[in-house]
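Here is a short report on one protein model. Look at the overall form first, then at one helix and two loop residues.

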Amino acid sequence: MDKGEVIKKTNIEKTHVPDKVYAFMIQSHHMLYELLNCKDGDSVSVEVFDDVGVEHEDGSKDAIQLKSALSDRNPVSNKAADLWKTMYNWLISVEAGIFDPGKVKFILFLNVNKQGTIVNGFHLAERYDEAVLAWKNARREFYDEKGILKEIGEEYKKYIEYFFAQDRMDMACKIIQNFELKKCIDNYTITVRKEFDKSGIPADIIEPIYMGIIGWIDLNVTKMVENNEAIIISFENYQVQLRALYRDYNQKHSLMPHSVKPNKLEIQNELQQQRTYITQLEIIDCDYTEKIEAINDFIRASIDRTIWADNGDISFLSMQSYEEKLKRSWNLERKIIMIENKNELPEEQGKLIYYKCQRNQIEMSSVSVPDFFQNGCYHLLADGLEVGWHPQYLEKIKEVKD
């Protein structure tokens, strides 16, 4: 995108939603906006070295500050505390050696069509001498002809004093030279969606793919936060998921298994681990052969779903939807059997539930999967106690563990 390019118009009216909440919400969505313009070897992060950051394969970076306003306030007016806090933080990072000003693009991204004379001057300065002139012009806004600080707001006074200190002019001007202002004219969600529309995906399937990739990013961000991990998504992982979603909605195809039947040693190892899905079979008195079949299906399904996901053959949305179908089918069979076979022993009721679920053919919406995969996924859900065969499986599992 050219330095002077404006993305499109925004006219967001006053709202009761706090600006800070909105700013937090758009961070993960902005990851998609940046991923759309990345290349192999690039990655996009949130709250790693800036609000949103892009690291390129050549070592250069984009440090992106997201400024949002759901009210009439202007986050880039000449006396906006947000603006000067941002410039101050960038300067601190340069001085600390976190940023090499020659390899970093300092981007201020607004969700509104606002402007200010100082920020516009910084944006237009592309050469170092132009940056020096922009810095000096901006300094006159806050200092008189004798170099004495004028009376200004306390909320941004320390940022002004720091950024416009004479001994920091060189570093400040290097930031200005690599500074870029981007702003929306449409509202932010429309801006991101229009950028996604440029991806070349057919119009009849682009909406579910767009929602799918947004959901995938949100899910990944949530998991990384929960695991106390840095929030970083590589361009390669994004491409894998995008291809998977495209396959989901473009056509239905059969997935070829990569796994093979486990050998005797692998089966014995699995039995010795006392996995919960095996215990679930034991409490309904399944025999040894049935447990071996379950282990075979569980191991093969676990291997194939991992490989298919890594290859982009299935998306997380497809797998999520498939598991929900399995759970709905299990719950329905359980209710029917508990009514029709209410006089049977609980173990017999459990076997009926188990066999019925194995017999029902539940299809994944976008692809065809091998026969063992459904049963293996059921055992995965049983291992996590999301489904169970014995009518009181939660109590029985607790008894076994106790």
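The text below goes from the whole chain to single residues.

**Overall form**

This is a predicted model. The protein has 402 residues. Its secondary structure comes to 16 helices and eight strands. The radius of gyration is 29 Å, whereas a compact globule of 402 residues would have one near 21 Å. The C-alpha trace spans about 95 × 45 × 45 Å along the principal axes.

Burial comes next. Buried residues account for 49% of the 402 residues. Take the contacts between residues at least 6 apart in sequence: 73% of them join residues at least 24 apart.

**Surface and charge**

The exposed area of the protein is about 20,700 Å². Carbon and sulfur atoms supply 49% of that area. The protein carries 51 positive and 66 negative side chains. The centres of these two sets lie 4 Å apart.

**Helix 14**

Helix 14 covers residues 346–359, which is 14 residues. From first C-alpha to last, helix 14 reaches 20 Å, close to the 20 Å expected at 1.5 Å a residue.

Which residues of helix 14 are buried? They are Gln349, Gly350, Lys351, Ile353, Tyr354 and Cys357. The list includes a lysine, Lys351, beside Ile353 and Tyr354. An α-helix has 3.6 residues a turn, so residues three or four places apart point the same way. Gln349, Ile353 and Cys357 are among the buried positions of helix 14, and so are Gly350 and Tyr354.

What covers these buried residues of helix 14? The cover includes helix 11 (276–282) and helix 12 (288–311). It also includes helix 13 (316–340) and helix 15 (371–383).

**Two loop residues with positive phi**

Most residues other than glycine have a negative phi. Asn228 has a positive phi, although it is not a glycine. Gln274 also has a positive phi and is not a glycine. The table gives the values.

| Residue | Phi | Relative accessibility |
|---|---|---|
| Asn228 | about 60 degrees | 74% |
| Gln274 | about 55 degrees | 67% |

Where does Asn228 sit? Asn228 is in the loop between helix 8 (206–226) and strand 6 (231–234). Gln274 is in the loop between helix 10 (264–272) and helix 11.

Buried or exposed, how does Asn228 count? Asn228 counts as exposed, because its relative accessibility is 74% and the cut-off for exposed is over 50%. Gln274 is exposed as well, with a relative accessible area of 67%.

Note on methods. Residues are numbered from 1 along each chain as its sequence is written. This is a predicted model: local features need pLDDT of at least 70, side-chain atom pairs count only at pLDDT 80 or more; totals for chains, interfaces and linings use all residues. Side-chain values use heavy atoms; hydrogens and water are left out. Helices (H or I, at least four residues) and strands (E, at least two) are DSSP runs, numbered from the N terminus. The radius of gyration is taken over C-alpha atoms; the globule rule is 2.2 Å times the number of residues to the power 0.38. Buried means under 20% relative accessible area, exposed over 50%, partly exposed in between (1.4 Å probe, protein chains only). Contact means heavy atoms within 4.5 Å. Accessible areas come from the Shrake-Rupley method with a 1.4 Å probe; for residues, only the protein chains shown count as cover. Lys and Arg count as positive and Asp and Glu as negative; His and the chain ends are not counted. The place of a charge is taken as NZ of Lys, CZ of Arg, CG of Asp or CD of Glu. The expected span of a helix is 1.5 Å times one less than its number of residues.
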